[in-house]
Amino acid sequence: MKIKYVDLIEQTFHFPQEEFQVSDEELTFHGVPLMDLVREYGTPLKFTYLPKISENIQKAKGWFASAMKKVDYKGTYNYCYCTKSSHFSHVVEQALKNDISIETSSAYDLDIVEHLFESGKLNKNRYVLCNGYKTDDYLERIAHLINLGYKMLPVIDNYQEVDVLNALIDQPFEIGIRIASEEEPKFEFYTSRLGIGYRNIAPFYRDVIQNHPKIRLKMLHFFINTGINDNAYYWNEFNKCLTVYGRLKEVCDSLDSLNIGGGFPIKNSLAFEYDYAYMVDEIIAQTKNFAEEAGIDDPHIYTEFGSFTVGESGGALFKVIYQKRQNDKERWNMIDSSFMTTLPDSWAINKRFIMLPINRWNSDYERVFLGGLTCDSDDYYSGLQHCLIPGPKQIVIDRDEEGKLTYRVTTKRIRSTSGFSIPVPIRIPWVATVACNTASFPVPSKL
Ligand SMILES: Cc1ncc(COP(=O)(O)O)c(C=O)c1O
């Protein structure tokens, strides 16, 4: 007996979910009727649902507040959004509505920061963290803003940055130092190219910063590439970082902040499970214990969540335009766009996205491959940035004061690497699937 697509999903996952519901056989995302979007704007298109950005920031703030309360933590929590995750003005400005700060990684970001300061959208009393390897123009822009009196905190990635900043800045200023973490054992390099090695940080501080007439060390920063995970590798790196913090603190009174970087995962499958509150509880409890044992103040905690801020707020909508049967087993549902153009991370770094049909949830299902339009043989899901076709239209969705949905078309695109992908069948109505680790997917059948 054939079963309907909706049954397949309901039997495989807990469904409906917080963001995904089905109404009259059509998918809604946070209450946004996606077929209406398609009818109004056509496909392919990408959309951003702004309220989700604020929701995630508030959730993180809540987890840290609760974890800190449990252990009577005396330091503060500071949420920073790293602009490299999406430079779109609607994304950055939405994030900033939540009393947060910014982390930058290039001179280009500092144009954004200056503009946000001038327009009053970025709180001048919060530190802007300047991370990353610093080119001359990046250092000049940081120095310029410090000279204007803004609270920029350059996080030193490389020794020579200190000398350049010192020459350019005409007043006392603060810095952070990034620890070069050790990469996961299976990675092809041993130590991250970013930051300064564990063993070199204390000597660097002693030789260069400790007696410097203008510079004070405020922050220690580390970022684990593979994200914040409850595994031995993460906790080992985390504890090494705490140890360096403790050692520096013995000789450095001004050090009062620990920046644990980004790395919260995002939902990339309907079966996604991650206990954010537990991880935050552990981070805070371990930091508190460490500080107590070392007899030092609880450090102020900074985070730089990128994907977590923006990655669950968007999606891409495609139409399935045709089904090609290449042999008995391989059926290709061709979409009206390119995975290379719209979901480059799926090819380049093997990222998974949730894929669901928008309509025909009561139809039977079948397994297919999803094919992109370009002539590049890699343009399938899971697929990639070779033969490109123009990117899709962008729609910004928000809710007004009464909770009513509002829509705005924007073409101001800079870069967005994360998001849900939701193929939309219309004229040939069906298709798509949930992200999983196989190359073929179940979809509603019968073309
Ligand atoms: C220094 C730093 N902070 C924050 C982030 C953001 O990480 P995520 O998107 O995993 O939160 C990155 C990502 O590369 C990073 O390099």
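**Reading strands, helices and a ligand shell**

Mentor: In this predicted model, strand 2 (residues 26-29) and strand 3 run in the antiparallel sense where they pair, and two bridges join them.

Trainee: What makes two strands a pair?

Mentor: A pair needs at least two bridges found by DSSP between the strands, and strand 2 and strand 3 have two bridges, so they count as paired. One bridge can be followed by residue, since Thr28 has Pro33 in strand 3 as its bridge partner.

Trainee: Why is strand 1 called an edge strand?

Mentor: The open sheet of three strands has the order 1-2-3, with antiparallel pairing, and strand 1 (20-23) pairs on one side only, as does strand 3 (32-33), which makes these two the edge strands.

Trainee: In which sense do strand 16 and strand 17 pair, parallel or antiparallel?

Mentor: Strand 16 (residues 331-335) and strand 17 pair in the parallel sense, over three bridges, and in strand 17 it is Gly371 that serves as the bridge partner of Met334.

Trainee: How do you know that strand 17 is mostly covered?

Mentor: A residue is called buried when 20 or more other C-beta atoms lie within 10 Å of its own, and in strand 17 (residues 365-371) five of the seven residues are buried, so that the strand is mostly covered. For the protein as a whole, buried residues make up 44% of the 447 residues.

Trainee: Why are helix 5 and helix 6 called roughly parallel?

Mentor: Helix 5 (residues 107-118) and helix 6 (residues 136-147) pack at an angle of about 25 degrees, with their axes 8 Å apart. Angles under 35 degrees count as roughly parallel, and therefore helix 5 and helix 6 are roughly parallel to each other. Helix 5 brings Ala107, Leu110 and Glu114 to the contact, while helix 6 brings Asp137, Tyr138, Arg141, Ile142 and Leu145. By class, the residues of this contact are five nonpolar, no polar and three charged.

Trainee: How many residues surround the ligand, and which are the closest?

Mentor: The ligand is surrounded by 15 residues, and the closest of them are Phe223, Gly262, Glu304, Gly306 and Ser307. Two elements, strand 13 (300-305) and helix 11 (307-310), each give two or more residues to this shell.

Trainee: What classes make up the shell around the ligand?

Mentor: The shell holds five nonpolar, eight polar and two charged residues. Gly counts as polar, so Gly262 and Gly306, both among the closest residues, belong to the polar class.

Definitions and conventions: Residues numbered from 1 in each chain as written. Predicted model: local features only at pLDDT ≥ 70, side-chain atom pairs only at ≥ 80, totals over all residues. Near = placed C-beta within 6 Å. Helix = DSSP H or I, 4+ residues; strand = E, 2+ residues; numbered from the N terminus. Buried ≥ 20, exposed ≤ 12 C-beta atoms within 10 Å, placed from the backbone. Axes fitted to C-alpha atoms, helices over the stretch in contact; angles between N-to-C directions. Parallel < 35°, antiparallel > 145°, perpendicular 65-115°, else oblique. Contact = placed C-beta atoms within 7 Å.
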